[in-house]
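Hi,

Here is the structure I said I would pass on. Have a look at it first, and my notes come after.

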Amino acid sequence: MTDLAAVKAALKTQAVETPSWAYGNSGTRFKVFAQAGVPRTAQEKLQDAAKVHEFTGVAPTVALHIPWDRVDDYTALAKYAGERGVRLGAVNSNTFQDDDYRLGSICHPDAAVRRKALGHLLECVDIMDATGSRDLKLWFADGTNYPGQDDIRARQDRLAEGLAEVYARLGDGQRMLLEYKFFEPAFYTTDVPDWGTAYAHCLKLGPKAQVVVDTGHHAPGTNIEFIVATLLREERLGGFDFNSRFYADDDLMVGAADPFQLFRIMYEVVRGGGLSARVAFMLDQCHNIEAKIPAIIRSVMNVQEATAKALLVDRSALAAAQAAGDVLDANAVLMDAYNTDVRPLLRQVREEMGRDPDPLAAYRRSGWAEKVVAERVGGRQAGWDA
């Protein structure tokens, strides 16, 4: 039997980090559809993030992206966040938008370009010092498009050298989270294409280097929960970037494409003790046609629902069926939990936390959307500028 009190306690302590860039305008390579009321500054992004936390109760931190969120005073920005009930979370680097990075950043054949990229990564650690952030998130667009374009092994050597320099700069309590992506924008070789490559580099660097699993960064049919289970077993799963994909790296709302996959992932998280603070749960989504804040609230709720179902798995019954080799019963235990309607349970959890049981309805009643549309007039909206 599952202890409902323990399930509720776990759900109340869950934390889902929201990304600053999800509050701005975003789109595809073809078009960015601007929306009224979108933030123009890092501070306005924090205002919106605070609303998501206000109505969900489980989104206490906001990830920054540099230079998209560059400000003159990061200590002041952290104070601004705190005054609104949230904290600054992971600092995400950007070594993929400058023209100099056409052939790569820290894997580039030109030492001057590599030094420029490293300078940016070290700047991000400086920002972490000012904001009190724990995690430096690294994703590299580095790779090649054609056979022979560059030396594959040499690029791995450059990657290892650059990562080691950044690792050495990390302070006490700080971590480096290395993300992988099997293709795009590079089409022949990608320098960090899979969890094995990321894990190998992290293993060599030391315990402060951890792997990030972006749920949209896998080939069709990849068993992501196996990757999660393995990294948890090796104590190298640093965090998630939650989103959904149908074709490639779609960055849709988490749980939209395959909610059963999200449940399977969250079961391995629960099974492996990953609900502790050592694993960071972050959304990495781009809301192109849907309203920003409601989409983020819905995504947080989707993570909560998958987590609740994972916590409801009768692990004693599952272990007994597995030990007996009863394939059907073992599968039925998982399916019973997945098919449970956990929405009434989550409504109870929110009420016990002093929150509205329906976060989306509460947000719509709040008038925040109308307020920001009226106030955020003029200036330059945050976004991709595609």
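Below is what turned up, going from the pockets to the rings and then to the backbone.

One thing up front: this is a predicted model, and every value here is computed from it.

**Pockets**

You will probably want the pockets first. The largest pocket comes out at about 1,400 Å³. Its lining takes in 44 residues, and those nearest the centre are Phe-96, Trp-139, Lys-181, Glu-184 and Pro-185. Strand 4 (135–138) and strand 5 (143–144) are the elements that give two or more residues to that lining. By residue type, the lining of the largest pocket splits into 15 nonpolar, 15 polar and 14 charged.

The second largest pocket has a volume of about 480 Å³. There, 23 residues make up the lining, with Ala-15, Thr-61, Arg-87, Arg-134 and Ala-277 nearest the centre. Helix 1 (4–13), strand 3 (87–92) and strand 10 (280–283) each put in at least two residues, and strand 3 gives the most, with four. The split for this lining is 11 nonpolar, eight polar and four charged.

**Rings**

On to the aromatics, where the model has 13 aromatic pairs. One of them is Trp-195 with Tyr-199, a tilted pair with 6.5 Å between centres and 45 degrees between planes. Both residues belong to helix 6 (residues 195–205), four residues apart, which is about one turn. Trp-195 is partly exposed at 24% relative accessible area, while Tyr-199 is buried at 17%.

Phe-260 and Phe-263 make a stacked pair, because their planes are at 15 degrees and their centres 6.0 Å apart. These two sit three residues apart in helix 8, so about one helical turn separates them. Phe-260 is partly exposed, at 27% relative accessibility, whereas Phe-263 is buried at 1%. Phe-260 also has a charge over its ring: the charged end of Arg-264 is 4.8 Å from the ring centre. A similar entry elsewhere is Arg-84, which lies over the face of Tyr-80 at 3.5 Å from the ring centre.

There is also a cluster in which ring pairs link Trp-21, Trp-68, Phe-96 and Trp-139. Two of those names should look familiar, since Phe-96 and Trp-139 are among the residues nearest the centre of the largest pocket.

**Backbone**

Which spots would you check in the backbone? Most residues other than glycine have a negative phi, and most peptide bonds are trans, so here are the exceptions I would look at.

- Ile-66 and Pro-67 are joined by a cis peptide bond, with omega at about 20 degrees. Pro-67 is in the loop between strand 2 (61–65) and helix 3 (74–83).
- Glu-184 and Pro-185 are also joined by a cis peptide bond, with omega at about 10 degrees. Pro-185 is in the loop between strand 6 (175–179) and strand 7 (189–190), and both Glu-184 and Pro-185 are among the residues nearest the centre of the largest pocket.
- Glu-235, not a glycine, has a positive phi of about 55 degrees. This residue is in the loop between helix 7 (224–233) and strand 9 (237–242), and is exposed at 58% relative accessibility.
- Asp-251 has a positive phi of about 55 degrees too. Its place is the loop between strand 9 and helix 8 (259–271), where Asp-251 is buried at 11% relative accessibility.

Cheers

Notes. Residues are numbered from 1 along each chain as its sequence is written. This is a predicted model: local features need pLDDT of at least 70, side-chain atom pairs count only at pLDDT 80 or more; totals for chains, interfaces and linings use all residues. Side-chain values use heavy atoms; hydrogens and water are left out. Buried means under 20% relative accessible area, exposed over 50%, partly exposed in between (1.4 Å probe, protein chains only). Rings of Phe, Tyr and Trp (its six-membered ring) pair if their centres lie within 6.5 Å; planes under 30 degrees apart count as stacked, over 60 as edge-to-face and the rest as tilted. A charge sits over a ring if NZ of Lys or CZ of Arg is within 6 Å of the ring centre and within 35 degrees of the ring normal. On a 1 Å grid over the protein atoms alone, a cavity is a set of points where a 1.4 Å probe fits but cannot get out, and a pocket is an open set with protein on both sides within 12 Å along at least five of seven lines; lining residues have an atom within 4 Å of a point. Grid points are joined across faces, edges and corners, and a volume is the space filled by probe spheres set on the points. Ala, Val, Leu, Ile, Met, Phe, Trp, Tyr, Cys and Pro count as nonpolar, Asp, Glu, Lys and Arg as charged, and the others, Gly among them, as polar.
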